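Hi,

Here is the structure I promised to send over. Have a look at it first, and then read on for my notes.

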Amino acid sequence: MALVLVAATLFAVDYTFTSYVGHLHAAGYDLEATQVRNRILTISLGSSLLALFVAFVISRSLTLRVRRLKTLAEGFPGGRVEDRPVIESSDELGTLERSLAGVAIELQRLLDRLRFESARREAILSGMAEGVLAVDHELRVTFCNSAFLKAIGFRGSRFEGLFLLELVRDPGLHELLRSVLTKGESQKLRRQLSAANAHTFEVHATPLAMPSGPGAIAILHDITDLERLEQVRKDFIANVSHELRTPLAGIIGYADTLLDGAIHEEGTNRRFLEIIRSNAVRLSDIASDLLVVSELESGMEPTDADVILVRGVVESVLVMVEGEAHSREVNLIRENIENAQVSGSRLRLEQAIFNLVANAIKFNRPGGEVRVRVEHRGDGEVAIVIADSGVGIPSQDLPRIFERFYRVDKARSRQVGGTGLGLSIVKHVVERMSGTIKVQSHLGKGSTFTLVLPSASRSQPKDSGNEAVTQKS
């Protein structure tokens, strides 16, 4: 456009000049027309070029500033503007650029804050032990953490955007979240989400406002251990009540019989008194074992540990059970019993070994065997092994035999006697001594219990002799 204006200007100057020279010749003036023309053209051309240069500079400056404004605007949001110098200018474009730069900086700060909050929220939700699941109004998954994926046994790589039933094939959870979306109220549910993962969850679902519309979020609390503890508590109360009621019923029954006149019958009265005494002893044993279990579980016992000669403890136990083994025609076999040392309470270790050996004798058969050995193992460990050739333990009962009052064969257990707390005491004693207990058993072929304890670091044992053991298995 500027070139067109320059050309038009030159044409007008040339036309004006030609007309002017023509008039001068007509008036009698004799001038060097060509010379004058050239001077005028030169001046005009120079002025035109100067005008073109000035126009180019102004246009270039405006173009660059417009481009900066365009780049600045295109950087919204998230563009970094702190390192871009803002031209100090008081005109309208300068004012506009400074305003846009200020807006961009504020937007950047807001975005940085939102990213930080989002990252922190993601880290908190991902690190939660509870499972977290969020869905939109179409029940499409928008978020879930690793705890939730572990709870449902998900092994894929993509879950966002999936329908809930595609991720979790559980109609109960689906109906719970649908009800929350429909009613807009918080609800909860208790159920297992996966057949492969036998865990029970309490699901709390609440409405969740989302940019795309209403949604819902569910938090899963694993209450498997709480339910197991509750069941153990119920079983404990039931078992204690039963164990106490049985001997008490015998005592009351035979005492009433004696009061009704049997006390004057020779022979009968003595037999009834022996039964009453036997039941009273059984009650005493239950109370004593309950006290031991309570002390072991609460950690009330002193923590000072003595160095114990395991051979002396084992020999003491074998002497105490010889009479019971002889009466049941069970052979006690002392295998290799090394002179090992462990740290802990001699009385408690003696109770644990006594309970295991007594069980091995009681749940054996005439002509059966009970083998006991003590050996050193690698890594400074001592193993105490009690093996029998008795009735054995079914595989489905092995995980529960160390529970209080748990009995594999209730009828036989009550027939041979015992409180049902012996193996529970053994487990607590071994754990208090920083050891482990292992059991291997085959139904009808016998069982093998192995106590693995850390070897004592001190060399001088404190062996205070045999102590009486009142615990019964």
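To begin with, how do strand β1 and strand β5 pair, in the parallel or the antiparallel sense? They pair in the antiparallel sense, over five bridges, with β1 covering residues 131–135 and β5 covering residues 213–222. If you want a spot to click on, G131 has L220 in β5 as its bridge partner. Please keep in mind throughout that this is a predicted model.

β5 also pairs with strand β4 (residues 201–210): 10 bridges join them, and the two run antiparallel. The connection is a hairpin, with two residues leading from β4 to β5. Within that pairing, L208 stands opposite G215 in β5.

Now to the part I spent more time on. There is an open sheet of five strands, with mixed pairing and the order β7-β9-β10-β12-β11. The edges belong to β7 (331–337) and β11; each has a single partner strand, so one side of each has no neighbour in the sheet. On average, and ignoring direction, neighbouring strands here are turned by 15° against each other.

Going along the sheet from the β7 edge, β7 and strand β9 (residues 369–377) pair in the parallel sense through five bridges. N331 is a handy marker for this pairing, as its bridge partner in β9 is E369.

On the other side of the order, β12 (residues 446–454) is the strand to look at. Strand β10 (residues 381–388) runs antiparallel to β12 and is joined to it by seven bridges; I384 has L451 in β12 as its bridge partner. Strand β11 (residues 436–442) is also antiparallel to β12, again with seven bridges, and here S441 is matched with S447 in β12. β11 and β12 form a hairpin with three residues between the strands, and G444 takes a positive phi near 85° in it.

How enclosed is β12? Seven of its nine residues are buried, so the strand is largely enclosed by the rest of the structure. F449 belongs to this strand and is buried, with a relative accessible area of 9%.

F449 also turns up among the aromatic pairs, of which the count comes to two. Together with F402 it makes an edge-to-face pair, 6.5 Å centre to centre and with 90° between the planes. F402 sits in the loop between β10 and α11 (410–416) while F449 is in strand β12, so the pair ties together parts that are 47 residues apart in sequence. F402 counts as buried as well, at 15% relative accessibility, because the cut-off is under 20%.

What lies across the sheet? Helix α10 (residues 346–362) lies across β7, β9, β10 and β12, and it runs at about 25° to β10.

Do look at N355 in that helix. N355 is buried, with a relative accessible area of 0%. A polar atom of the N355 side chain lies 3.5 Å from the backbone oxygen of G422. N355 and L421 are 66 residues apart in sequence, but their C-alpha atoms are 9.3 Å apart in space.

That is what I have so far. Over to you!

Best wishes

How values were computed. Residues are numbered from 1 along each chain as its sequence is written. This is a predicted model: local features need pLDDT of at least 70, side-chain atom pairs count only at pLDDT 80 or more; totals for chains, interfaces and linings use all residues. Side-chain values use heavy atoms; hydrogens and water are left out. Buried means under 20% relative accessible area, exposed over 50%, partly exposed in between (1.4 Å probe, protein chains only). Helices (H or I, at least four residues) and strands (E, at least two) are DSSP runs, numbered from the N terminus. Two strands pair if DSSP finds at least two bridges between them. Rings of Phe, Tyr and Trp (its six-membered ring) pair if their centres lie within 6.5 Å; planes under 30 degrees apart count as stacked, over 60 as edge-to-face and the rest as tilted. Axes are lines fitted to C-alpha atoms, for helices over the stretch in contact, and angles run from 0 to 180 degrees between N-to-C directions. Contact means heavy atoms within 4.5 Å. A polar contact is a pair of N or O atoms within 3.5 Å; within protein, one must be able to donate a hydrogen and the other to accept it, and residues adjacent in sequence count only if both atoms are side-chain atoms.
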